[in-house]
Amino acid sequence: MTTLSPLSERIDAPHRLALPIHPDIALWRPLEPADAPALAALHGAADALDHPGWTVPESELHELLSRSYLDLRHDSLAAVTDDGTVVAYGLNLIDQEPRTILRVRLEGAIGAAARGRGIGRELLQWQRGRAQQQLAASGLDLPGWIIAWESARNISGIRLFELLGFHAARFTATLVRELTAPVTPITAHESIRIVPFSRELSAATHAAHGDAFRDHWSSQPSHEEAWAGFVNGPALRPELSFVAVDAAQPDLVVGYALTSVFEHDFERQGFSSSYIELVGTRRDWRGKRIAPALIARVLEASRGAGLDKAVLDVDTQTPSSAAALYAELGFAVAEDRQVAMLLAY
């Protein structure tokens, strides 16, 4: 195994990071939780171009900006015009509990009217420089990644990342399942019980998620505060979510399928839907038909709730067995794809 030197020795980060300069921007300033409504409006217009079927809700943005471990003063930037409108923003999120990689994830959006004017380039250059500083501040001897997920539709955005040294490293595809067709029940191994998700099972499900994804590309443990924001948020629907537990140890969660409903997206999509946010199985419990049994329960519950479709996103480089599973359950590939743009050290 190759031993890496500490990130602080490997990354030539800018010593001082100047704010961007652009003639159309009156003020560059850090974000604050009170910006959530403005950012939701910004996303509403930007997402209509990049992925017309969904957008980021205000509640999700407010939860994100309110996390105690974020340093918004140093790790975020909003581009504000003379009339006070936020036309672009960037937010850098660094892993709180890295194990195999230290990642800085770049979040943000560029308003439709602000595109093609160099504002996005100025913002992304600042985010890259700040991410380099974040990585270089670590003494860890792990690989360092700066990563951003971009819509495959946004060709100009992808080219901008490439100009700044990033490359396309991974793709996800959106899968859709019509709920008009009946759902065939699937039974897991006899050692497994499928039960509805409850917030009392949140910690056990979080632990199962950490185990299930520890061998997945780029995955790192999710911070407890981020997990709590997800399971306690307004979108998660416990009545459409299920976990698999060991029949002999009912407090041991060995698999899960957690589902959200984003009603604000129904008009954009043209249909109502459930969105399977997370699905996984502990590594030592695979091969027991846990995932198909869980997803079948989600489909049955979603159909019973009167929703039109079930939706999920899948890594296109997952094993062929995963693709066969989703096909067996009636999912088909939709047009939407996301690409991970990566700068690695």
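Which residue stands opposite phenylalanine 171 in strand 12? Valine 339 does, and you will meet this pairing again in the last view. A word on the model comes before the views. This is a predicted model, in which local features need pLDDT of at least 70 and side-chain atom pairs count only at pLDDT 80 or more, while totals for chains, interfaces and linings use all residues. Residues are numbered from 1 along each chain as its sequence is written, and side-chain values use heavy atoms, with hydrogens and water left out.

**View 1. The buried face of helix 3.** Helix 3 spans residues 58–65, and its buried residues are Leu61, Leu64 and Leu65. Down the helix axis these buried residues fall within an arc of 90°, so they line one face of helix 3; the arc is that of the directions from the helix axis to the C-beta atoms. An α-helix has 3.6 residues a turn, so residues three or four places apart point the same way. Their cover includes helix 2 (36–50), helix 4 (72–75) and strand 3 (86–94). Here, buried means under 20% relative accessible area, exposed over 50%, and partly exposed in between (1.4 Å probe, protein chains only). Helices (H or I, at least four residues) and strands (E, at least two) are DSSP runs, numbered from the N terminus.

**View 2. Strand 2 between its two partners.** Five of the five residues of strand 2 (residues 76–80) are buried, so the rest of the structure largely encloses this strand. Ser76, Ala78 and Val80 lie on one side, with Leu77 and Ala79 on the other. Strand 2 pairs in the antiparallel sense with strand 1 (residues 27–29) over three bridges, and with strand 3, also antiparallel, over five bridges; strands pair if DSSP finds at least two bridges between them. Follow alanine 79 to see both pairings: tryptophan 28 stands opposite alanine 79, and alanine 88 is the bridge partner of alanine 79 in strand 3.

**View 3. Threonine 81 and the hairpin loop.** The hairpin of strand 2 and strand 3 has five residues between the strands, and glycine 84 takes a positive phi near 90° there. Threonine 81 is found in this loop and counts as buried at 18% relative accessibility. Its side chain makes a polar contact with the side chain of aspartate 83 (2.5 Å). A polar contact is a pair of N or O atoms within 3.5 Å; within protein, one must be able to donate a hydrogen and the other to accept it, and residues adjacent in sequence count only if both atoms are side-chain atoms. Leaving aside neighbours within four places in sequence, threonine 81 is in contact (heavy atoms within 4.5 Å) with Asp24, Ile25, Ala26 and Val87.

**View 4. A lysine over a ring.** The charged end of lysine 309 sits over the ring of phenylalanine 271, 4.2 Å from the ring centre. The criterion is NZ of Lys or CZ of Arg within 6 Å of the ring centre and within 35 degrees of the ring normal.

**View 5. Strand 12 and its neighbours.** Strand 5 (residues 144–151) and strand 12 (residues 332–344) pair in the antiparallel sense over seven bridges, with alanine 340 as the bridge partner of tryptophan 149. Strand 6 (residues 167–178) also runs antiparallel to strand 12, joined by eight bridges. Here is the opening pair again, phenylalanine 171 opposite valine 339.
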